[in-house]
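The following paragraphs lead through a protein–DNA assembly, beginning with a single residue and moving outward. Please keep the sequence and the coordinates at hand while reading.

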Protein chains: 2
Amino acid sequence: MDENTDPLAMKASSDGDTAKPRKRSIARKAQESRILEAAEMLFAQYGYNGVSIEAIAEQAGLSKQNMLYYFPSKEYLYHHVLKNVLDLWIDKMALFEQAGDTPASKLRSYILGKLELSRLRPNGSKIFANEIINGAPYIKEYLQQKLLPKLDTDIALVKQWITDGLMDSVDPYHLFFSIWATTQTYADFSTQIALVMHKDSLETTDYEDAGRFLTHTILKGVGLSE
Amino acid sequence: MDENTDPLAMKASSDGDTAKPRKRSIARKAQESRILEAAEMLFAQYGYNGVSIEAIAEQAGLSKQNMLYYFPSKEYLYHHVLKNVLDLWIDKMALFEQAGDTPASKLRSYILGKLELSRLRPNGSKIFANEIINGAPYIKEYLQQKLLPKLDTDIALVKQWITDGLMDSVDPYHLFFSIWATTQTYADFSTQIALVMHKDSLETTDYEDAGRFLTHTILKGVGLSE
DNA sequence: GTCTATACCCAGATAGAC
DNA sequence: GTCTATCTGGGTATAGAC
């Protein structure tokens with residue numbers, strides 16, 4: 001990824017000036033990873049303003065002053081977390097690149113892939129959701145530059161399928177909005193879903209049920225059932 | 001609603017001790033409404049920790065000290081806002097009470113009703129979403145007591161439809177999760193949706209398109225197309 | 001009910017010794 | 001790189017005059 005045109009660009013945390021990776025940079029990487037992991041979890045659960053850097057530092061196992069040595073400000077840290085999440089997200093958002101040669105199998109892979117991402121990275125999903133709900137202050141440009149081009153391709157693909165009579169004539173935009181919403185809800189709204197299902201938390205089988213429901217309903221709903 | 005068993009109960013803001021409503025209580029009600037409206041907007045956009053009571057007061061057109069006269073603490077104010085939102089939400093969540101005598105028309109009304117709520121009260125939707133994402137600290141009990149009973153009835157209804165062979169054998173829980181997610185996304189994720197559609201904000205026609213897409217896809221997807 | 005003033009606290013960030 | 005100490009600003013809330 002080209003750092004120069006990256007709207008979320010920040011000073012590289014790794015060896016920008018100190019040319020060669022040394023022994024110590026390995027320890028540094030490990031510390032940074034632990035901090036980033038702790039930060040992702042806490043930002044997801046409480047939002048940017050709901051966590052103190054002290055809480056993050058404690059979760060990562062160091063003092064807040066020491067953490068500020070690695071990430072000189074809270075915003076800087078948040079940007080790192082956000083960038084990791086976004087790169088992962090945008091990658092999974094390309095329908096065109098999904099496996100399968102028929103429209104049905106491509107769409108099925110897309111839905112299950114997005115659902116799997118929700119299962120594996122619920123905290124990332126929540127951070128993304130928080131960001132969008134708050135008007136996407138940090139990531140608007142990022143989405144514009146990275147998401148829209150991929151999505152345009154995908155929209156065109158779906159339109160082609162419709163033109164070719166392979167599926168119902170539905171609005172392709174709203175199809176994507178629905179897939180995003182239904183898959184991400186299992187991460188973002190897991191509290192409510194678990195509550196409704198009388199569980200403490202969602203299990204793998206719940207995601208399997210969700211996958212079955214979503215692929216059946218959406219594919220059939222747009223006239224793509226095999 | 002019985003205040004005594006209400007998990008979000010709070011001291012009544014109106015005449016608890018001063019017995020009779022007087023002239024001044026009218027002015028008070030007006031002030032309170034303006035404060036609540038301002039608070040709902042700002043809490044929705046920035047989250048509980050992202051707004052200061054000063055910002056809310058300014059938006060409502062009074063000093064923060066004066067606002068604290070009406071709502072003696074930030075949390076107290078938030079509870080009021082949240083309670084208004086929740087009552088509205090739970091009401092619209094009952095499928096059983098929807099118009100229509102066929103499963104298809106009942107479900108259609110339900111989807112369009114939820115979508116309409118997103119259009120008319122996007123801020124309420126965002127506050128609700130924020131609350132759930134953060135683990136629903138304030139509203140878990142509320143959902144348990146108010147939402148679950150209604151939902152149980154609705155789940156039973158859908159199961160009956162399936163037993164009667166009126167629709168596909170899909171998991172009723174996930175059907176509701178999908179409807180909630182797809183309708184609320186137009187409020188919660190409006191920033192992203194508008195961005196993708198190259199607009200500044202969503203218009204009525206976008207909601208009509210969404211309604212067409214959702215009713216077509218979901219009804220057909222569960223085997224309920226007329 | 002509305003104002004001025006202020007107490008109080010917490011969080012982000014910096015300075016400097018080691 | 002890690003520590004102790006400290007500065008600073010902003011935010012909630014209260015006191016008390018009018």
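Leaving aside residues up to four places away in sequence, Ile90(B) touches Tyr142(B), Leu143(B), Lys146(B), Leu147(B) and Lys150(B). The model is a predicted one, and in it Ile90(B) belongs to helix 4 of chain B, which covers residues 74-92. Helix 7 of chain B spans 140-163, so the five contact partners of Ile90(B) fall within the numbering of that helix. The relative accessible area of Ile90(B) is 6%, and the residue is therefore classed as buried, the cut-off being under 20%. A further distance concerns Ile139(B): 49 residues separate Ile90(B) from Ile139(B) in sequence, and their C-alpha atoms are 12 Å apart in space.

A second buried position is found in chain A. Gly211(A) is part of helix 10 of chain A, residues 204-221. Its relative accessibility is 6%, and because buried means under 20%, Gly211(A) counts as buried. Not counting residues up to four places away in sequence, Gly211(A) is in touch with Leu112(A) and Leu115(A). For Leu112(A), the separation from Gly211(A) is 99 residues along the sequence, while the C-alpha to C-alpha distance is 6.2 Å.

The next topic is the interface between the two protein chains. Here 57 residues of chain B are in contact with 57 residues of chain A. Together the two chains bury about 4,700 Å², and carbon and sulfur atoms carry 69% of this area. Two salt bridges are found across the interface of chain B and chain A. One salt bridge joins the side chains of Lys220(A) and Asp168(B), with an N to O distance of 2.5 Å. Counting residue pairs in which both members have pLDDT 80 or more, there are 10 in polar contact between chain B and chain A.

Which helices of chain B supply at least two residues each to the side that touches chain A? They are helix 1, helix 6 (122-133), helix 7 (140-163), helix 8 (172-188), helix 9 (190-196) and helix 10 (204-221). Helix 8 of chain B provides the largest share of this side, with 12 residues. By class, the side of chain B that touches chain A consists of 29 nonpolar, 20 polar and eight charged residues.

From the protein interface, the account turns to the DNA. There are 15 residues around DNA strand C, and those that come nearest are Ile53(A), Lys64(A), Lys74(A), Asn66(B) and Tyr70(B). Of the atoms of DNA strand C that come within 4 Å of the protein, 61% belong to sugar and phosphate. A phosphate oxygen of this strand lies 2.9 Å from a backbone N or O atom of Ile53(A). In chain B, a side-chain N or O atom of Ser63(B) is 3.3 Å from a phosphate oxygen of DNA strand C. Gln65(B) addresses a base instead: one of its polar side-chain atoms is 3.1 Å from a base nitrogen of DNA strand C.

The elements that give two or more residues to the surface near DNA strand C are helix 3 (64-70) of chain A, and helix 1 (23-46) and helix 3 (64-70) of chain B. Helix 3 of chain B gives the most, namely four residues. The surface near DNA strand C has five nonpolar, seven polar and three charged residues.

DNA strand D has 16 residues around it, of which Asn66(A), Tyr70(A), Ile53(B), Lys64(B) and Lys74(B) come nearest. Sugar and phosphate make up 57% of the atoms of DNA strand D that come within 4 Å of the protein. Where does the side chain of Gln65(A) lie relative to a base nitrogen of DNA strand D? A polar side-chain atom of Gln65(A) is 3.2 Å from that nitrogen. Two backbone contacts come from chain B: a backbone N or O atom of Ile53(B) is 3.0 Å from a phosphate oxygen of DNA strand D, and a polar backbone atom of Lys74(B) is 2.9 Å from a phosphate oxygen of this strand.

Helix 1 (23-46) and helix 3 of chain A, together with helix 3 of chain B, each supply at least two residues of the surface near DNA strand D. The largest share, four residues, comes from helix 3 of chain A. By class, this surface holds five nonpolar, seven polar and four charged residues.

How values were computed. Residues are numbered from 1 along each chain as its sequence is written. Chains are lettered from A and ligands numbered from 1 in the order in which they are written. This is a predicted model: local features need pLDDT of at least 70, side-chain atom pairs count only at pLDDT 80 or more; totals for chains, interfaces and linings use all residues. Side-chain values use heavy atoms; hydrogens and water are left out. A residue is near a molecule or strand if one of its heavy atoms lies within 4 Å of it. A polar contact is a pair of N or O atoms within 3.5 Å; within protein, one must be able to donate a hydrogen and the other to accept it, and residues adjacent in sequence count only if both atoms are side-chain atoms. Ala, Val, Leu, Ile, Met, Phe, Trp, Tyr, Cys and Pro count as nonpolar, Asp, Glu, Lys and Arg as charged, and the others, Gly among them, as polar. Contact means heavy atoms within 4.5 Å. Buried area is the accessible area (1.4 Å probe) that two parts lose on being put together, summed over both. A salt bridge is a side-chain nitrogen of Lys or Arg within 4 Å of a carboxyl oxygen of Asp or Glu. Buried means under 20% relative accessible area, exposed over 50%, partly exposed in between (1.4 Å probe, protein chains only).
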